[in-house]
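Biologist: I have a model open on my screen and would love some company while I read it. Could you take a close look at one part with me and then show me how it sits in the rest?

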Amino acid sequence: MAEGIGVEDIRESMLALLGGAEGDRASHVKRRIRYAGDVQALWFLRGDLMEVLAAAHGETAARQMLVGVSGMFDNLLPQGLRSRPSPLGASARE
């Protein structure tokens, strides 16, 4: 993780991923990201962000888009909230 990444950096990155996404669901997610009170709230909004991105770009592209944002949370969350390797990931299938 780069030094000095904070809540506002993560918020801006998440909103940038939504870019021109339109519709009620996208508007709702944008609003929730804008008003999230802390880093944990943003962490839990990744699923909603994934949903909107997957609808717009497909699941594979959405997962790739979220990798950078998810990495921004390193060292900002309690140990129990950090990502764990998924059994669906490429390394688990090998």
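Biologist: Let me ask about one side chain: at its relative accessibility, does Trp43 count as buried or exposed?

Modeller: Happy to look with you, and please keep in mind that this is a predicted model. Trp43 counts as buried, because its relative accessibility is 7%, under the 20% that sets the limit for that word.

Let's stay with its ring for a moment. The count of aromatic pairs comes to one. That pair is made by Trp43 and Phe73, in an edge-to-face arrangement with 5.0 Å from centre to centre and 75 degrees between the planes. The label follows from the angle, because planes over 60 degrees apart count as edge-to-face. The two partners come from distant parts of the chain, 30 residues apart: Trp43 belongs to helix H3, while Phe73 sits in the loop between H5 and helix H6 (90-93). Phe73 is buried too, at 2% relative accessibility. Trp43 has a further companion in Arg46, which lies over the face of the Trp43 ring, 3.5 Å from the ring centre.

Now step back to the whole chain. The protein has six helices and zero strands, and along the sequence this reads α-α-α-α-α-α. Of its 94 residues, 32% count as buried. If you take the contacts with a separation of 6 or more, residues 24 or more positions apart account for 61% of them. The pair of Trp43 and Phe73, 30 residues apart, is one example of a link between distant parts.

Helix H3 (39-44), the home of Trp43, also takes part in covering another helix. Together with helix H2 (24-35), helix H4 (46-57) and helix H5 (59-71), H3 is included in what covers the buried residues of H1. Those buried residues are Ile10, Arg11, Met14, Leu17 and Leu18. Looking down the axis of H1, you would find them within an arc of 125 degrees, so they line one face of the helix. Glu12 and Ala16, on the other side of H1, are exposed. The length of H1 (residues 7-18) makes sense as well: at 1.5 Å a residue, its 12 residues should span 16 Å, and the end C-alpha atoms are 17 Å apart, which agrees. Just after H1, Gly19 takes a positive phi of about 35 degrees.

Leu15 is another residue of H1 worth a click. Leu15 is partly exposed, with a relative accessible area of 22%. Setting aside neighbours within four places in sequence, Leu15 is in contact with Lys30, Ile33 and Arg34. The C-alpha atoms of Leu15 and Arg31 are 9.4 Å apart in space, although 16 residues separate the two in sequence.

As a biochemist you may also want the charged pairs, and here the count comes to five salt bridges. One of them is within H1: Arg11 bridges to Glu8, with 3.1 Å between the closest N and O atoms. About one helical turn separates Arg11 and Glu8, because they are three residues apart in helix H1. Arg11 is buried, with a relative accessible area of 9%, whereas Glu8 is partly exposed at 45% relative accessibility.

Another salt bridge joins Asp48 to Arg25, whose closest N and O atoms are 2.8 Å apart. Asp48 lies in helix H4 and Arg25 in helix H2, so this pair ties together parts that are 23 residues apart in sequence. Asp48 is buried at 16% relative accessibility, and Arg25 is partly exposed at 32%. Both residues also belong to a network of salt bridges that links Arg25, Arg32, Asp48 and Glu51.

Helix H5 has a salt bridge as well, between Glu59 and Arg63, with the closest N and O atoms 3.1 Å apart. These two residues are four apart in H5, about one turn of the helix. Glu59 is partly exposed, with a relative accessible area of 46%, and so is Arg63, at 49%.

To come back to your question, then: Trp43 is buried, it pairs edge-to-face with Phe73, and Arg46 lies over the face of its ring.

Technical notes: Residues are numbered from 1 along each chain as its sequence is written. This is a predicted model: local features need pLDDT of at least 70, side-chain atom pairs count only at pLDDT 80 or more; totals for chains, interfaces and linings use all residues. Side-chain values use heavy atoms; hydrogens and water are left out. The expected span of a helix is 1.5 Å times one less than its number of residues. Buried means under 20% relative accessible area, exposed over 50%, partly exposed in between (1.4 Å probe, protein chains only). The arc is that of the directions from the helix axis to the C-beta atoms. Contact means heavy atoms within 4.5 Å. A salt bridge is a side-chain nitrogen of Lys or Arg within 4 Å of a carboxyl oxygen of Asp or Glu. Rings of Phe, Tyr and Trp (its six-membered ring) pair if their centres lie within 6.5 Å; planes under 30 degrees apart count as stacked, over 60 as edge-to-face and the rest as tilted. A charge sits over a ring if NZ of Lys or CZ of Arg is within 6 Å of the ring centre and within 35 degrees of the ring normal.
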